[in-house]
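Student: I'd like a close look at one part of this model. Please take it slowly and then connect it to its surroundings.

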Amino acid sequence: MLELGMTFSMEQLVIDNDIASMTKKVMQGIPVTEETLAVEAIKKVGIGNNFLGHKTTMANIDLPSDPMMINRDMIGDWINAGSKDLAIAAHEKVVSIMKTHVVPPIDADIVKDLKAIVERGDKEFKSQL
């Protein structure tokens, strides 16, 4: 939100949702196993060499956060896929959501309960006038 909520970016909401989801996933903890430690892969790659492109790293990269919008492709793959920056990807996601999202109907019992709460509140408010 900008200007104390007077201006709002749906794209920023999509990006913020991605960040919040990644944070939530990190808070669940990161699994420490033989596979995630990747000791054998580290030995194979060797000290001082590039471990980031190794298949073990790529297989485990989403364990701590698993972003939906933030692109973690290698730079060459990202360029070959069109070099979309985060703002463009977020805009495309907003457009997709606006076209395809279906709001599930609220259960009738919940609607009934909500109406009862509003009626009680209205009654209390009117009694104070």
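Student: Which exposed residues sit on the face of H6 turned away from its buried side?

Tutor: Lys99 and Thr100 are the exposed residues carried on that face of H6. First, the ground rules. This is a predicted model, so local features need pLDDT of at least 70 and side-chain atom pairs count only at pLDDT 80 or more, while totals for chains, interfaces and linings use all residues. Residues are numbered from 1 along each chain as its sequence is written, and side-chain values use heavy atoms, with hydrogens and water left out.

Now the helix. Helices are DSSP runs of H or I with at least four residues, numbered from the N terminus; strands are E runs of at least two. H6 covers residues 86-100, 15 residues in total. From first C-alpha to last, H6 reaches 21 Å, close to the 21 Å expected. The expected span is 1.5 Å times one less than the number of residues.

Next, the two sides. Buried means under 20% relative accessible area, exposed means over 50%, and partly exposed is in between (1.4 Å probe, protein chains only). Ala89, Ala90 and Val94 are the buried residues of H6. They lie on the same side of H6 because they cover an arc of only 140° around the axis. That arc is taken from the directions running from the helix axis to the C-beta atoms. An α-helix has 3.6 residues a turn, so residues three or four places apart point the same way. Lys99 and Thr100 belong to the face turned away from that buried side.

What covers the buried side? Helix H1 (10-27) is part of the cover. The link shows up in the largest nonpolar core, whose six residues are Val14, Ile15, Met69, Ala89, Ala90 and Val94. Such a core is a set of buried Ala, Val, Leu, Ile, Met, Phe, Trp, Tyr and Cys residues joined through side-chain atoms within 4.5 Å. H1 and H6 are the elements that give two or more residues to this core. H6 supplies the largest share, three residues. Take Ile15: leaving aside neighbours within four places in sequence, Ile15 is in contact (heavy atoms within 4.5 Å) with Leu86 and Ala90.

H1 has a less covered residue too. Ile19 is found in H1 and is partly exposed, at 41% relative accessible area. Ile19 and Ile70 are 51 residues apart along the chain, yet their C-alpha atoms are separated by 8.8 Å.

Back to the start of H6. Asp85 caps the N-terminal end, with a side-chain oxygen 3.2 Å from the backbone nitrogen of Ala87. This is a polar contact: a pair of N or O atoms within 3.5 Å, where, within protein, one must be able to donate a hydrogen and the other to accept it, and residues adjacent in sequence count only if both atoms are side-chain atoms. Just ahead, Ser83 is found in the loop between H5 and H6. Ser83 is not a glycine, yet has a positive phi of about 55°. Most residues other than glycine have a negative phi, and most peptide bonds are trans. Ser83 is partly exposed, at 31%.

A salt bridge also involves H6. Lys84 and Glu92 meet through their side chains at 2.8 Å, N to O. The rule asks for a side-chain nitrogen of Lys or Arg within 4 Å of a carboxyl oxygen of Asp or Glu. Both ends are partly exposed: Lys84 at 39%, Glu92 at 38%. By this rule there are two salt bridges. In the other, Lys43 meets Glu40 at 3.8 Å, N to O. Those residues both lie in helix H3 (residues 39-45), three residues apart, about one turn of the helix. Both are exposed.

Finally, a contrast. Helix H7 (residues 108-127) has 20 residues and reaches 29 Å, close to the 28 Å expected. Asp107 caps its N-terminal end, with a side-chain oxygen 3.0 Å from the backbone nitrogen of Asp109. H7 lies largely in the open, because the number of its residues that are buried is zero. H6, by contrast, has Ala89, Ala90 and Val94 buried.
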